Structures are given as C-alpha cells and as structure tokens.
There are 4 protein chains.
Amino acid sequence: MKVGIIGATGYGGLELIRFLHNHPEVGGIELFTSSEEGTIFSSKFGHLLSIHDTPLQKIEVETLASFDFLFTSTPSGVTSELLPPLVDIGPKLIDLSGDYRLKDSSTYEKWYKKAPAPQSIVKKSVYGLTEWNEENIKSASLVANPGCYPTAVLLSVLPLIKERLIDPRYLVIDAKSGVSGAGNKPSQTTHYSEMNENFSIYKVNEHQHIPEIEQAIAMFADSETAITFNTHLVPMTRGILATSYSPVQPGVTNKQLNDCLLDTYKNHPFVRVVQDVSTIGTNRVKGSNYCDVFVQLDERTNRATIVGVIDNLVKGAAGQAIQNMNVQLELPQSLGLDVIPLFI
Amino acid sequence: MKVGIIGATGYGGLELIRFLHNHPEVGGIELFTSSEEGTIFSSKFGHLLSIHDTPLQKIEVETLASFDFLFTSTPSGVTSELLPPLVDIGPKLIDLSGDYRLKDSSTYEKWYKKAPAPQSIVKKSVYGLTEWNEENIKSASLVANPGCYPTAVLLSVLPLIKERLIDPRYLVIDAKSGVSGAGNKPSQTTHYSEMNENFSIYKVNEHQHIPEIEQAIAMFADSETAITFNTHLVPMTRGILATSYSPVQPGVTNKQLNDCLLDTYKNHPFVRVVQDVSTIGTNRVKGSNYCDVFVQLDERTNRATIVGVIDNLVKGAAGQAIQNMNVQLELPQSLGLDVIPLFI
Amino acid sequence: MKVGIIGATGYGGLELIRFLHNHPEVGGIELFTSSEEGTIFSSKFGHLLSIHDTPLQKIEVETLASFDFLFTSTPSGVTSELLPPLVDIGPKLIDLSGDYRLKDSSTYEKWYKKAPAPQSIVKKSVYGLTEWNEENIKSASLVANPGCYPTAVLLSVLPLIKERLIDPRYLVIDAKSGVSGAGNKPSQTTHYSEMNENFSIYKVNEHQHIPEIEQAIAMFADSETAITFNTHLVPMTRGILATSYSPVQPGVTNKQLNDCLLDTYKNHPFVRVVQDVSTIGTNRVKGSNYCDVFVQLDERTNRATIVGVIDNLVKGAAGQAIQNMNVQLELPQSLGLDVIPLFI
Amino acid sequence: MKVGIIGATGYGGLELIRFLHNHPEVGGIELFTSSEEGTIFSSKFGHLLSIHDTPLQKIEVETLASFDFLFTSTPSGVTSELLPPLVDIGPKLIDLSGDYRLKDSSTYEKWYKKAPAPQSIVKKSVYGLTEWNEENIKSASLVANPGCYPTAVLLSVLPLIKERLIDPRYLVIDAKSGVSGAGNKPSQTTHYSEMNENFSIYKVNEHQHIPEIEQAIAMFADSETAITFNTHLVPMTRGILATSYSPVQPGVTNKQLNDCLLDTYKNHPFVRVVQDVSTIGTNRVKGSNYCDVFVQLDERTNRATIVGVIDNLVKGAAGQAIQNMNVQLELPQSLGLDVIPLFI
C-alpha cells in the first residue's frame, strides 16, 4: 500500500512517519512539500538519518492520484484548495488540518478568518473522532481528523452529555497544552528562553476549536451548547490535559458518572478510564495513541470534574489519523499504533 | 531590627532570607530549625556560601522572645503548637503556614486532618492578604499569611464579587502551580524524571485552600459561595496562574470589569492590571512580589474569564509576609521587595 | 518464547517492557521484584493501564529457571548474588547492572565499594557491547550489558584508537547525562525544583564507569590507557552526549578520522556517523536504539573532538540488551527495536 | 547619575535594567534602540509593566553624549561603528559585545567574520575581567566587558596557570551554556519543542571566544597557549558551567591547587571557591553575580579538573558590566549587585 504525506516537515507529519514506518500494511511512505522540493529529508531532520534519506517531492495532482492514502498535515487554509481535485479520484484522504471539520462555512470563516473549502466537499467529509463515528469513517472519501483539544475534551465529556448525566449549559473547559501544539515555526512566544518556566493563557475565548467542540456535542450527544473554553500553554513539548466542569443533573452519583465512561469505552482499545487520579498525567500517554479519561463528582457543589488526557501529536493528530486509516481498511484499530507510552 | 526565621530550610524560608538580606531595616537574620541544629547553613544550601555561613539554631521560646519579628515557614500542624506561647510576649509573628488562616476550627480539622490551633489565638490572628486587610494587619500580633493559591485567586476575583459584577454562585477556579509549591521534600511525584514533561491534576475537589478562599470571599466581599476549585502541577519550578470562570451579572460590560480592577488596585504597587493577554504569564512575575490580574468578558456566553498570576514563593509566601511586616512597621509596602521580575 | 524481567520497576525495566511488548518473537513478559510482590503493575505505573495489569512476582530460582531469557535490571550488588545459581541451568541471562562487567574483582571492589560476583561466573560472562563483541555474545550464557556512559564513549572512540589515529594517552572524556540515569529513587539532587534549571558536575574523577571504559579499550583496541572521565547532570530526562578530546597521531587528517568511523559501522544498523554537527543532539536519538557518532579534527591544535550520543535508557540499557538477545537468537539485530527516534 | 542602555531589548539589556533599577547611585535609566523607537518598553516586555512604561529612544550621538555611563549590549559588529564618536567626549562606555575585546584586528576578523573596530579605539579599550584588571578598568574610557564563556573559564583557570601549577599546553575546556546565551531572536535551534530535552554541541572548535581566552591567558598569566574549547547547549535558560582539564606540573598537590584559588580570591566578593562538589551547579549562582570555582587533582592521571560556574547573563554580562562601573566610580564592587542567587 502506497501512502503519501503532504506537509511532512511539520510535527504532525513527523509523527505520521514515526508510526507509518512500523505499520505492517504500509509499503512505502512518500513525502511531499510545497516549498522544499528536493531537500533530502534526513538532512533537515537528523533523527531520520539512515531512515528517510530520500528527497521531498513536489505536490502535483497527477503524482498524488496514484496513492492509496494521502495524509495532509498542513496549516489551515491549505487543504481547502489542495484537496478538492483529489476527492474521489483514487486516494483516500485524511486531512489533519481544520479545513473540513466545520460543516457551516460561515462558522469556519468567522473563527479561522480564512476562505472556507467548497461546501460540496465539506459536506462529503466525515469527522474522524474514531470512537464516535466509526461507521461513517469506514466509507468516507475524505476524513476531517479532529483537532487536538476537541479530541481530549470530547472523549471525556461526550458520554456524560449523551446520557444526560451532566448539564452542558454551564460547561466550562479549561485546557492546557504542551508547546508542540504551536507547530514547528519559531516565534517569540515559543522561543526557548521565554517559553521555559512560563505558564500562560492564550486566545482567551477565541480559540477556533470552540465551534468544533460545540458541533460535535450537537452531532454525537444531540445537545445545543455554548461552551466556555480556554487554552493554556505548558512549558513541556507534548501533551494535552483538559479539565471540564459541569453541574450534574439532580440525583446523579459518582458511580453513575464512572460507569457511563466505562460502558462507553469498554470495547475501545485507546480510551482508558482511570479511577486513581494520582496516575493521571500527560506523561502516562506520552508518545502513544491513548486517551485517559477521568470523572469525579464533587458532592459539596454537585459539580463534576472531568479530565481528558492525550498526546496532542498522537491521539490528537497523527495517531488518530492512522487509527482512521485502519478503520477504513477494516483492520484492527491498533495496527501500527500499539506502542507503550514512554512515561519518562 | 532583629528577625528570626523558623523553618529556614524550606523554600519559603529561603525566599525570606533572599529578600530580608536586602531589607534596609533588617539588621540580622537568624535561622531556626527543629532538626538540624548546628548545621552550617551554607553547607546545606550552596547558593548561600559566603552569605550565610552561620549555624542553624535550636527553637527555644526564651531565645525567640527577644526578636522583633519572627517568620514561621513550617508545614501545617507545627505552629498551632509552637506559636501560642510567643503571642504578645514580644516579637511580632508572621505565620506562613495554614494553621491560623481558618477561623472555624472544625473547618480546619476537616480540610487539614490535623488538630487545630487554640481558638483564642486563632481569633486574635489577622488574615494577611495585604491589599485587602491593611488596617487590621497593622496592629496584629499574629498575621496568618495567605496561601499561595488563595492569593492568586482572591486578588483577581474579590473586586468583581465585591462590586457584584459577577455571580459567585457558579464560580469555577482552575489553578495551576509550579512544583516548588510542593516543598523541598523529595517524593515520587516530584522526582525529576517523572515530573518533567508531565502536567497533572491533583487533590481533585479536596484542596485545603478551598475553605480559605470561601472564607475570604465572605470576609472581604460579603458573599456566601461554594466554589469549584481544582489544582494542577506544571513542570516548572515557580509560578501560579489561576483561571476563574463566572457568569457576569446581567448587563455588565467588559469595560466595567476592567475598570473595577483598575480602580481597586490603583494605589497598590504590587497588583498590576494587565490589558494585553499576550503579556500574561508566570515568567512576567518570576522572583518578584507582583500579582498580575486580568479579566475578559466572553460576550458569546456572558461569562468572565479572570486570571491571577503570582510567584508562589514570593507574593504567595515570603514576599507577602515581608509586605505585611512593612505594613506593621508603617514602612512603604515595597521596602526590600522592589525587585524587577526575572522574566527569563 | 518466555521472557522474565527482574527489577521491572526501575527505568531500565520499564524500557525493557516497552520494547519487548512489540518484539515478534516474545510471547509473554513476566515481571519480578524483590519487594513489591503481588502489586498490580499498572496500579504503580499508570502508563501501563490496560497493558500490564498483572501482579509483580516473587523472585525464586525454581520459577526463573523455566524462562528462555532473563533480563536483570537491578542496582549494583544484587545480581552478583542472584545470578550464579541461574547460570547454565536454562535461561540465557542478560544483566544490565555493573556486577559482571569488570573482569578484575579488585577493580570492581575499588570502584563499586561492594563485594564482587564469584570470579568463575565473571569469567564466563561476556561484555555486551554488541557492535564490538557479536561473536562472543552469540554463545554467552551470561551477558554483561555495558553501562550507559561506556556505550556512548566506546562506540565513538574505539575505532579511532584501534586504527591508531588518535593517541589515547591524553584521552579526556567529558560526559553529560539526563537525569533518568540516576534511577527512579527520589533524592534531594533529583528533586524537581532543585534539578530543574541546574547543570552540575558529579562524582569528579570517581565514576565507576572509568575502569569499564579502560578495560574495553584494552580489550577491543589493544591499548593501555588511563583516561580522564567526568560526568555531568543535565536538566532533561533522557540522553547522553559524551565529548572526547584526544591529540591525533602525526599526519592524520579529518577525512581519515571520518572514514574510519564510516568503515567501522557500515554494516551496523544502530550506529550512525553524522557529518553535519548541527544535526547532533540527544533528541535525535530519543526513545530509540541509535548511537550517533561524530568526529572533527581541529587543525589549529591537532586534536580531535569526538562525540557519541545515545538514549541512556535504550542503547545505554534496555535497547542494547534486547539487541544482544537478538544476536543470541541469530535474529536481525533490529527486531523489535526498529523504532524512529521521537525527536520532539 | 544618568545611565543609558543601548540594545535594551536584548537579554543583556534586560538584566542591566534589572540591576541598575536598584543601584543607589543611578538616578534614571534611559533605553535606546536601533529599530523600535517610540515603543513603550513595558508593552513589549510585560514583566516591566508599571516599572518601565517609557518609550524606547532613538540612538543619536548628541543625546548620548550627555550621559554619565553608557552600556552597549548589541550583537557583534554594531559598536565597532557606534562607539568611536562617543569615546572621550563625555560618557564612560561599557561595551558588552565582542567588538573591543580582541586587541589584534586580524584575529577579530578571522573569528567574527566582520570588519574590526578602529585600531586606535581598540587600543584604548580595557578588558573588563574585573578581578584581574581592576587598576586599568578604573581609568578606562571604554571597557570591553568579557564574554560569558571566557569569564567562567578564566576566573577558574587563570590563578593555576599564573602560578605555574598546571601545564596549559594541554588545556582542554568543555563548556556548557543555558539557551539565553543565544539571545532573544527566535530560531529553529532555540524553538522550544526542539531545544527542550535536547543537549547538543555547537560551533565545534570554531567559537569566537577561543582567541579571547587565549589572549587573556597571555595577558594575565603570561602564557602562550592553543586551547581546545568546545561549547554545548543545555536545555535550561540561564547558567554556564565550564569544565577544564589540564595536566598538573610535576609534584603539584590537590591542596596547592585549592590554596592557589583561595589565595587569589580571598578579597574578591564575587568569586567563591567551593570545596564540596555536591554544592556546585548553575542554580547555586542563578540570578546573581557570583562565580563559583572548584578544582580537584585526579591522582590517578595527574590531571586537574577545574570548574567555573556563572549566570551567563549576570557575571557573564550585565552584572560584571555594573561591577566595572562600580570600579570606575570607586564604589564597593558589590553595590547594586549584592543579591542572593535564586537557587530554585
């Protein structure tokens, strides 16, 4: 099976390479770029020396058409133009950018401040939150892979909203991410000396993942919400931990909350329901495709604290994308992804 | 003026030394300990070589009675027994532990799981949130210096609650702290290889700072609340950033929220109201006694996002303690504390 | 094939689990411990939840005798007593501790300050520096897996000494390691707040890896040396970079030095000769079994700068141990180890 | 006294502000820049909110001429043109860049790859290694403040070379620096996700501080040397630790080495001779002007290990510059600099 990666020089692209390299059904991986054609990949990324010493290739529709799978891991605003000619002409498409996630074009324009993808293609695309949309993903020609924050948030709160155990009208989500989520382009904010030993808040009430989360809550839990969602930058490279707060519905117990999570995910290899809070942390999923979820009822206030933890580059990007490829190929979801988290 | 520090080997103690060393009204600093009597201080803490080469002294009431000021920076459960004999016999007492903060003994017992201090002494003690309690602090024989989290939270939310701009019934506080808040005793959690690159949540809905915050909201803003408050550990040494969420009262504008903070703190040198969120972050206050506060109304949800940022060891401990000493001596609050944050 | 790990709760043990989990020839992994018998492994190490939910087992010779391979990853002074009864009774033994590395008992006693292993067993043991001792490893009943520092140093300097390109009489080795090399036991030195943002030197001229390096230089390059070797602690979790300095023999060129490395390792998948110094760094090998080596002649001083870089827990411990198991099984050396470094 | 800082937006500039702010003899500090004239300083550097809310000023000779002291903290190649018109017309000049350190123009050109400053001005300039050049600094119109690496190296090795205790012909210096030494300009190397958890070597045998160290050894210890000097980047913000290796002269003892350091620095407040290696580390000097030095003889090899530790931004830049200003004003060297290291 022939797989291509467009946007291979970004961190999402590098993680796709890391996992596809060991995927038993993937023959060869070819790397495409918009601007560094001909560069030997390992001369740019020394960790791939002797592993990927091949040159980056130019993005051309004719070349790409011959692939079985194409992963696009590009900044927003790129695949809205790049992918339409490739839909339904051959390769299955899995887009890791935000361009096909929002079904409503005006919402996309408002939050992304960019021109939306053609509505006809957006309509065809399937939201790739694997555990919640497996059937639709199977036959999709274009998968819109979820954002990193939405993955951590949705996997932890969706079951509780769907079962009407929490009241999503007051849902407050406080999310924290490692710096790799900001991508590989240097900036003052991500300059080591200024990022190190600095915890900060950013994009207050303006993050483009807000409408994505609200849309998925409507789609999978049939609930209209206007969430409060804020994002923070943690001085570490990988990991997202999202803490959500919500009043519970009258009479709901801590056991009901936990049972709901356990029931929902009992057959899903990558979502682990954690009971002991002392074993929750981003390093427990580092480098892996796991999402750890946790819920606890505060009986003093009748509010639930709900936690979702992922590696933003794996379950929040490349790992879930490959999980979706496995679903499309009707392979076990964990094929090529069954690695133990690094922990340290 | 003669100043003693009990619990000098903890991080709070070390910060007291760092600032008192340059305080123009402090003659000599003497260091006391319960267990390492006779140890040359700089042999234990190399950064003090040639600065504090004197031995640690034994804690004895007779010796301590001759001091002008005594700072106690000990784990909870120590000063409840240690301080009563010293009250009103000479030295002014400033306690950095939690033993005298909660006015209600049963609340202390419930959250600290320890025997409370004598009620008569607790009654005499004054809560040392400098900006909100200056008059009472002036004449106090025993100051209960606030906790690190409560300082960051209260300075940011109190003005808005007091002015009835936000509705504290739904107050959700999501706090994040550097690891120095866990003290200097090694443990598995704070072992470098397991703490590094790990963001985690701890003491879910059980942190002993919850009743302290609720008590202060009642005391200074005359509001009964049952807050949701959770704490997270950030892989960095210093700093607390607390993000609070609350619905605003009908009709309240973003300008009103900001004006309220600006008015409240216009004559307070250590609280800075930040307008530009991109300059909020723990490194902006690192090593200093500043507390940066920020508020923004989300018009989509009619909820306010409120942020308080401090160096947990300075404004959250040693710095505020010295600020309180200055208040008691009727000196400028910033004497000995007027240092620029390190930033990097 | 049945594999047991003794000392599974240490970082070396955790890495053995991480790699053996995906090794196609390994059926099941069983975990042994001296002190926590019965503990469910994942209750202690949350990252293994749903992966290793089995209990730790007691160390008993009869049980262990039935295994095909036993890896021991224990502090020094343990396997000197534990392994002798297991030699030649069934399982192949791969010892990751320092107990069987030094052929001379008095040298062991001097540097380790512990009683040595029985001389008869030490004599049988084979030093497991895979690239340099493959033939002997193949048939060894007990492999003494090399130390982390020696691996990084030896792979980079041995070819140049063996070919008489550098003069080892003046060999100065300055090595730097991430904190995971200090193991998982909390201490003041490795307490996060004191280790973070702190670069330090330790065990000046006293590291027990000194005689191991000198013995290997004698063994593989037939040179007697008395090296200068110092070790530093870097505020990061994984990685060793060792910088070695040596005068070159008269007339030796930079090209000769590089060609020597390239020739030596041309058929060895895990040693990569790097030409571009800007791609040298511990993150280029992080999480993988690669050792990156680099050499450059300073023509101004006629001295060579020689660099070796590894992940101390992989090529410096668990990875090389599994590489040695592969050698013994006459499998490709990279089986189960062919993972791409994490980089970020 | 009126003090100006040119290059205030760099990390050296920020540290000058941090210390000059509390210097009792400094009235006001004015900030100059080549490119951001008019920018309110605290809008760019949030940590200075309410402290430096004044605008950056344009660099003009007429304006600058009226100052008592001018500190220039600019990249190399700037002050070679900027300072000549300002010499001897009024302000004392302290240049933190490398432009006036090397007495030989061709050496400057070779290592800096830039046009040198006018030879007449270079000749006038005085090398500002305070402890070794106090008399000349006193009357200098232009002080060339030493580089960060040379400061750490020279303070530790100069006494031993001067007293002929070590043989500098084989001097090997392995230096390690925090990332702030690379300045405040973002780059791929210093991008958080790629710098974090990465220890690397850079500028192998090509660092421009090599001739500076050799020149100072000739100047202060009257020894011609060709040193081996390499530099490494540590994933931390502040701090340099330089480890030097040298054979000792026949018969030299460990006590002689230590006594030499103790004698040399007995009246110098900022150089501390450390006896206990376990208290050596960059965090022991963090944020302060101290340089900790250490020496130990390895009797096995007859080589000395010599260590120098500084905060690269303080003793390695801004702190030493202010120390030199104090010398010129015949004030105590520690005025405004007597701060305790942060440690944590």
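**Entry 1: a salt bridge to start from**

I began at one pair: B:Lys176 and A:Asp174 join their side chains in a salt bridge, 3.1 Å from N to O. My salt-bridge cut-off is a side-chain nitrogen of Lys or Arg within 4 Å of a carboxyl oxygen of Asp or Glu. Note to self: this is a predicted model, so local features need pLDDT of at least 70 and side-chain atom pairs count only at pLDDT 80 or more, while totals for chains, interfaces and linings use all residues. Residues run from 1 along each chain as its sequence is written, chains are lettered from A and ligands numbered from 1 in the order in which they are written, and side-chain values use heavy atoms, with hydrogens and water left out.

**Entry 2: chain A against chain B**

I then counted the A/B interface as a whole and got 4 salt bridges. I also got 30 residue pairs in polar contact there, both residues at pLDDT 80 or more. A polar contact here is a pair of N or O atoms within 3.5 Å; within protein, one must be able to donate a hydrogen and the other to accept it, and residues adjacent in sequence count only if both atoms are side-chain atoms.

Which elements of chain A supply at least two residues each to the side that touches chain B? I find β8 (172-177), α9 (192-195), β9 (200-202), α10 (209-221), β10 (228-233), β11 (240-247), β13 (291-298) and β14 (303-310). β8(A) gives the most, with 4 residues. Helices (H or I, at least four residues) and strands (E, at least two) are DSSP runs, numbered from the N terminus. By class, I sort this side of chain A into 22 nonpolar, 15 polar and 12 charged residues. For the classes, Ala, Val, Leu, Ile, Met, Phe, Trp, Tyr, Cys and Pro are nonpolar, Asp, Glu, Lys and Arg are charged, and the others, Gly among them, are polar.

How many residues does each chain put into the contact? Chain A and chain B put in 49 residues each, with contact meaning heavy atoms within 4.5 Å. Together they bury about 4100 Å², and carbon and sulfur atoms account for 53% of that. A:Glu197, A:Phe199 and A:Arg300 lose the most area on the chain A side, together 17% of what that side buries. Buried area is the accessible area (1.4 Å probe) that two parts lose on being put together, summed over both.

**Entry 3: inside chain A**

I looked up the record next: UniProt, in an unreviewed entry, puts "domain: Semialdehyde dehydrogenase NAD-binding" at residues 2-140 of chain A. I computed 33% helix and 17% strand for that span, with its end C-alpha atoms 18 Å apart.

The domain split I used has domain 1 at 2-124 and domain 2 at 149-312 of chain A, with bounds from an automatic or database domain assignment. Their C-alpha centres lie 27 Å apart. In contact I count 12 residues of domain 1 and 14 residues of domain 2 of chain A. The two domains bury about 1100 Å² between them, 57% of it from carbon and sulfur atoms. A:Tyr11, A:Arg101 and A:Trp111 supply 51% of the area on the domain 1 side, more than any other three residues.

How many salt bridges link domain 1 and domain 2 of chain A? I get 2. A:Arg101 makes one with A:Glu212, and the closest N and O atoms are 3.1 Å apart. I also find 6 residue pairs in polar contact across this boundary. On the domain 1 side, α1 (11-20) and α5 (105-112) of chain A each bring at least two residues, and α1(A) has the largest share, 4 residues. That side divides into 5 nonpolar, 3 polar and 4 charged residues.

**Entry 4: chain C against chain A**

Last stop: 35 residues of chain C touch 36 residues of chain A. They bury about 2900 Å², 65% of it from carbon and sulfur atoms. C:His47, C:Ile340 and C:Ile344 lose the most on the chain C side, together 26% of what it buries. I count 0 salt bridges between chain C and chain A, but 12 residue pairs in polar contact. α1 (11-20) and β12 (271-273) of chain C each supply at least two residues to that side, with α1(C) giving the most, 5 residues. I log 18 nonpolar, 10 polar and 7 charged residues on the side of chain C that touches chain A.

Notes:
UniProt positions renumbered as here; feature names shortened; annotations may be inferred.
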